[in-house]
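Welcome! Please take a moment to look over the structure shown here, and then we will walk through its ligand and the pocket around it.

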Amino acid sequence: MKILQGNNINEEKLSMIKQKALDEHIPIIMDDTLEVVDKILVEIKPKRILEIGTAVGYSAICFSKYLINEGRIDTIERDEQRAEEAIENIKKMKLEKSINVLKGDAVEILPTLTEKYDVIFIDAAKGKYPFFLQEALRLLDEEGVILADNILYKGYVMSDYNKHKQRTAVRNLREYIAESTGNPDLETEILEVGDGLAISKWKKIS
Ligand code: SAH
Ligand code: MG
């Protein structure tokens, strides 16, 4: 019989991982953003998820609850120490079979990927978001969804803010929004939840 249910998670261990990340100021997914993503994952029933930006594995562990049919998450992290901590956390949660950490820069790793994903979660260097979108579109399944976290970046993206040292990030986030909302093949929503979440799907042709 096929396993249709997702992974069972030890919530106590998960909240310890979360607290440690918060204490160390690691920018893990915000609770209200996670709530929205949870609902999307329940609906999509993903078999394959791609995450760009693992940090210590918190979001990947949360998402693994919703994998079906022995699905898998591939998650990319370029910071060696964080990647190692993520691998440790995944082991602690007994999720080694479900979550695969790819160590390295997503800019180099993404072009080597060829299999399609049902869900692609973009949560890494903001200056690279337009490139991540381009690669995500290449790797997205027909029924899939691309989620981009921090798309409103503390409100900078929608204000006339452009002087700060973060202006490259802001410019690239604006470019992501312009490209994902302007693409005639995509349906894109920008939610003001958490630090901003962009949700893109292929437009249905009926
Ligand atoms: N998704 C995580 C948080 C990720 S924080 C969670 O919610 O729990 C963003 C992470 O992206 C950081 O750990 C950073 O090291 C990583 N990152 C930034 N740019 C990257 C790149 N180009 N390739 C791979 N990882 C990157
Ligand atoms: Mg984020």
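## The shell around ligand 1

Which helix and strand each supply at least two residues of the shell around ligand 1? They are α3, spanning 58-63, and β2, spanning 72-77. Keep in mind as you explore that this is a predicted model.

In total, 21 residues surround ligand 1, and those that come nearest are I29, G53, E77, A106 and D123. As for their character, the shell divides into 10 nonpolar residues, seven charged ones and four polar ones.

## Polar contacts with the ligand

Let us look at some individual atoms. E77, one of the residues that come nearest to the ligand, has an N or O atom in its side chain 2.6 Å from an oxygen atom of ligand 1. I29 is also among those nearest residues, but here the backbone takes part: one of its N or O atoms lies 2.8 Å from a ligand oxygen atom.

A nitrogen atom of ligand 1 has a partner too, as a polar backbone atom of A125 is found 3.2 Å away from it. How much of the ligand does the protein bury? Ligand 1 taken alone exposes 580 Å², and 94% of that is buried by the protein.

## The pocket that holds it

Where does ligand 1 sit? Its place is the largest pocket, whose volume is about 720 Å³. This pocket is lined by 32 residues, and P27, R82, D123, A124 and A125 are the closest to its centre. Two of these names may be familiar: D123 is listed among the residues nearest the ligand, and A125 offers the backbone atom described above.

The elements giving two or more residues to the lining are α3, β2 and α5, the last of which covers 106-109. By type, the lining consists of 16 nonpolar, 11 charged and five polar residues.

Conventions
Residues are numbered from 1 along each chain as its sequence is written. Chains are lettered from A and ligands numbered from 1 in the order in which they are written. This is a predicted model: local features need pLDDT of at least 70, side-chain atom pairs count only at pLDDT 80 or more; totals for chains, interfaces and linings use all residues. Side-chain values use heavy atoms; hydrogens and water are left out. A residue is near a molecule or strand if one of its heavy atoms lies within 4 Å of it. A polar contact is a pair of N or O atoms within 3.5 Å; within protein, one must be able to donate a hydrogen and the other to accept it, and residues adjacent in sequence count only if both atoms are side-chain atoms. Accessible areas come from the Shrake-Rupley method with a 1.4 Å probe; for residues, only the protein chains shown count as cover. On a 1 Å grid over the protein atoms alone, a cavity is a set of points where a 1.4 Å probe fits but cannot get out, and a pocket is an open set with protein on both sides within 12 Å along at least five of seven lines; lining residues have an atom within 4 Å of a point. A molecule sits in a cavity or pocket if more than half of its atoms lie within 2 Å of its grid points. Helices (H or I, at least four residues) and strands (E, at least two) are DSSP runs, numbered from the N terminus. Ala, Val, Leu, Ile, Met, Phe, Trp, Tyr, Cys and Pro count as nonpolar, Asp, Glu, Lys and Arg as charged, and the others, Gly among them, as polar. Grid points are joined across faces, edges and corners, and a volume is the space filled by probe spheres set on the points.
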